[in-house]
Amino acid sequence: MIKDRIASSCRRSGRSVSEVTLVGVTKTIPYSIVGQAIEAGLTVLGENRVQEAADKIAHLRQVTAQHDVEWHLIGQLQSNKARRAVELFDAIHSLDSLKLAERLDGIAAESGKRLPVFLEVNLGAETSKAGVTETEALHLCEKICRLPNLVLKGLMTVPPFLDDPQEIRPFFKKLRELRDQAIRAGIVDSTFKELSMGMSNDFETAIEEGSTCVRVGTAIFGSRS
Ligand SMILES: *Cc1c(COP(=O)(O)O)cnc(C)c1O
């Protein structure tokens, strides 16, 4: 059903469905239900806490042995959990400082891994939210691209909470413009093209504005208790 809605948004905006990845956000959802979702075809899972993800990944070993799944970290990462995060996750959407990037790069080097990351931008300049400011984003992209063990895939944002997706549209547009600016300026690699934006309430608008990665929880699993 979510996949159908993604497909119609793509059609409406003249995009191919293959350009948009669905990250099913499984935070707080019991692993038995997550297991069923994997059996039903969900292949990319988003978690916002390292420990919770570790528990789920351990419980779901049998299911994931038979299905190719990726675990993405979408919540803020504390530096003391960076090592565990590199072990567990296939991508990190919530990279929010150069210091953390350098730490992840060092750990990835030791693990012989190249870690895909997104730089999180706090477009609403909300003090309650993680992410770098719009002003520092491009400079940081340039620096992160030079770290050999990270693959900077693109930008991520969690816009201010507003009921009406139309009010959120300008934030999605802004993230797309930032990405395009970085590409035009020639400061990023060709791997940098993704936009991780759009949640249950607004993923259709996000796709219309160019999202390549929607992070959807409640619209798949129902409301979190
Ligand atoms: C919880 C969460 C989501 C999913 O939110 P829903 O509204 O349930 O779709 C997406 N992104 C981040 C960063 C989250 O923390």
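A polar contact is a pair of N or O atoms within 3.5 Å. In the predicted model examined here, an oxygen atom of the ligand lies 2.7 Å from an N or O atom in the side chain of Lys 27. The side chain of Ser 200 also approaches the ligand, with an N or O atom 2.5 Å from a ligand oxygen atom. At Gly 217 the backbone is involved: one of its N or O atoms is found 2.8 Å from an oxygen atom of the ligand. Of the 390 Å² of accessible area that the ligand has on its own, 87% is covered by the protein.

The site of binding was examined next. The ligand occupies the largest pocket. Its surroundings consist of Val 25, Lys 27, Ile 74, Val 158, Met 199, Ser 200, Arg 215, Val 216, Gly 217, Thr 218 and Arg 224. When the residues of this shell are sorted by character, five are nonpolar, three are polar and three are charged. Lys 27, Ser 200 and Gly 217, described above for their N or O atoms, are included among the surrounding residues.

The cysteines were considered separately. A search of the whole structure for disulfides returns zero. A disulfide requires a pair of cysteine sulfur atoms within 2.5 Å. For Cys 10, the closest cysteine sulfur is that of Cys 213, at 12 Å, and the separation is therefore too far for a bond. The corresponding search from Cys 213 leads back to Cys 10, again at 12 Å, so that a bond is likewise excluded by distance. Both of these cysteines are buried. Cys 10 has a relative accessibility of 0%, while Cys 213 has a relative accessible area of 2%; each value falls in the buried class because that class comprises residues under 20%.

Definitions and conventions. Residues numbered from 1 in each chain as written. Predicted model: local features only at pLDDT ≥ 70, side-chain atom pairs only at ≥ 80, totals over all residues. Heavy atoms only, no water. Near = heavy atom within 4 Å. Polar contact = N/O pair within 3.5 Å; in protein donor to acceptor, adjacent residues only side chain to side chain. Areas by Shrake-Rupley, 256 points an atom, 1.4 Å probe, with all protein chains shown as cover. 1 Å grid on protein atoms, 1.4 Å probe; cavity = no way out; pocket = protein on both sides within 12 Å on 5 of 7 lines; lining within 4 Å. Sits in = over half its atoms within 2 Å of the grid points. Nonpolar A, V, L, I, M, F, W, Y, C, P; charged D, E, K, R; others polar. Buried < 20%, exposed > 50% of the residue type's maximum accessible area, 1.4 Å probe, protein only.
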